[in-house]
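Let's take a look at how some helices pack here, and then at a pocket. Keep the model open while you read.

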Amino acid sequence: GHTFCADCISGWKPKFSRPKDHQRKRCPLCRGTIPPSQEEVANYKMIKSIVEDKSNIHDYDYETYVREVKLFEAEYGDDWEGNVIEYSNDFVSLPLYVAEAACKGDLRTVLKWLGKGIIKERVNAKCEEGGNTGLLHLAAVTQQRDLMSYLLLNGADANIFDAKGSSVLNNEDVSSKTGRFLLSWGAELFDKGERIASKEMKLGLCDRGGNAAIAKLLSSELGGRRCEVVSARLRGDLVGKTCVAGEYVEESDQYRVTMEFTDESLLLAANKIRRRDRTPRDPGYYVECKKNRLARRDFKSNEACRAFIASLGSDVEESSEVGPDAEVKAEQAAAGLLAELGLGDLEGPSGGTTRKRSQPVPVGKKKKRGGKKRA
């Protein structure tokens, strides 16, 4: 046998689709057929399950899926099992029962599974037979934003790809509100593994999904983004504070922004704010797991939020759950740190309560099936 680096292989064939005419279909050493990528296999398994379910025969995309299945089988035959190109060795398989639980809003099952392993690895797990659908994808299309927050706070990739190389933001089932949420966490539009940079392509992809509100935000540089005020001649109290940019007013080169923590709405010039995406260290709020339930903590300032997170300690980062002792110590340490910074008059984190939510709508028509766990 022989191996090649991912860059060489990707030069011969695309990662997310079949080889193009000018690309190799055979290994330059053994002349054997270059096997499919893991992403191609995941997509094949998903669409084949759709084709085999005759209840989908009248769906708009059914004939397209039939053609895709035939093309894959003509290209690779039946002997590709166990001979698949994997561009990275960090793939974590998301079990079918966990994917189904996420679709149904069964947070307890999802959180229990996350807590059984290293959470920073499991938050980016993908369901292979569901087209490499990740937990963030499932939480996004079912509008479970507390679960999305929990995943992102624990290291989930805001731009995680499915089997076709599409990011979460490039999913037609993502609502406008969830799209804004993703934008504040730094999400971008990716299609076939490539970042969409042009304004025209961004608008085209969003319009295709019928999400005009997100398309309008993406038509400007900072629309939907979390930003920091860098200058405000008449409002010096706003400098250093964070906001979420909304509509861009082209005539005056201004954004309608909503300040964090106060919800004050105002117009600010585009050159007075700069992008400051939410990160696990600087999210502006916190969502924690308590006895396999999610609870949100709100704060009075970014300083209070960052102090609380910094005080949780490295031990908590490896666990999916914040224990009561760590929580008390974190609040005490956060209060001390705020006092050292001269911000002792700011209130600390407010007590988090578990929110009740209505039963989410199941994911579209595509079946979500989990791949086998890899060694």
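For the angles below, axes are lines fitted to C-alpha atoms, for helices over the stretch in contact, and the angles run from 0 to 180 degrees between N-to-C directions. Bear in mind that this is a predicted model.

**Helices H2 and H3**

Start with helix H2 (residues 38-52) and helix H3 (residues 62-76), whose axes come within 9 Å and cross at roughly 130 degrees. That angle makes H2 oblique to H3. As for handedness, H2 and H3 cross in a left-handed way.

Which residues in H2 meet H3? On the H2 side they are Glu40, Val41, Asn43, Tyr44, Ile47, Lys48, Ile50 and Val51, and they meet Tyr62, Tyr65, Val66, Glu68, Val69, Phe72, Glu73 and Tyr76 in H3. Sorted by class, this contact has 11 nonpolar, 1 polar and 4 charged residues.

**Helices H4 and H5**

Next along are helix H4 (residues 96-104) and helix H5 (residues 107-115), with axes that come within 8 Å and cross at roughly 140 degrees. H4 is therefore oblique to H5. The crossing of H4 with H5 is left-handed.

The contact brings Tyr97, Val98, Ala101 and Ala102 of H4 up against Thr109, Val110 and Trp113 of H5. Those residues come out as 6 nonpolar, 1 polar and no charged.

**Helices H8 and H9**

How do H8 and H9 pack, and at what angle? Their axes are 11 Å apart and the angle is about 15 degrees. Angles under 35 degrees count as roughly parallel, so H8 is roughly parallel to H9. Here the crossing is right-handed.

From H8, Arg145, Met148, Ser149 and Leu152 meet Lys177, Thr178, Phe181 and Leu182 of H9. By class, that gives 4 nonpolar, 2 polar and 2 charged residues.

Here are the three contacts by residue class.

| Helix pair | Nonpolar | Polar | Charged |
|---|---|---|---|
| H2 with H3 | 11 residues | 1 residue | 4 residues |
| H4 with H5 | 6 residues | 1 residue | no residues |
| H8 with H9 | 4 residues | 2 residues | 2 residues |

**The second largest pocket**

Now for the pocket. The second largest pocket holds about 1100 Å³ of space. It is lined by 38 residues, and the closest to its centre are Arg180, Phe181, Ser184, Val244 and Arg278. Phe181 also turned up above, among the H9 residues that H8 meets.

Several elements give two or more residues to this lining: helix H8 (145-153), helix H9 (176-184), helix H11 (212-218), strand S6 (242-249), strand S7 (254-259) and strand S11 (293-298). Which element gives the largest share of the lining? That's S6, with 5 residues.

By class, the lining of the second largest pocket splits into 12 nonpolar, 10 polar and 16 charged residues.

Key. Residues are numbered from 1 along each chain as its sequence is written. This is a predicted model: local features need pLDDT of at least 70, side-chain atom pairs count only at pLDDT 80 or more; totals for chains, interfaces and linings use all residues. Side-chain values use heavy atoms; hydrogens and water are left out. Helices (H or I, at least four residues) and strands (E, at least two) are DSSP runs, numbered from the N terminus. Angles under 35 degrees count as roughly parallel, over 145 as roughly antiparallel, 65 to 115 as roughly perpendicular and the rest as oblique. A crossing is left-handed if the near helix is turned anticlockwise from the far one by less than a right angle, and right-handed if clockwise. Contact means heavy atoms within 4.5 Å. Ala, Val, Leu, Ile, Met, Phe, Trp, Tyr, Cys and Pro count as nonpolar, Asp, Glu, Lys and Arg as charged, and the others, Gly among them, as polar. On a 1 Å grid over the protein atoms alone, a cavity is a set of points where a 1.4 Å probe fits but cannot get out, and a pocket is an open set with protein on both sides within 12 Å along at least five of seven lines; lining residues have an atom within 4 Å of a point. Grid points are joined across faces, edges and corners, and a volume is the space filled by probe spheres set on the points.
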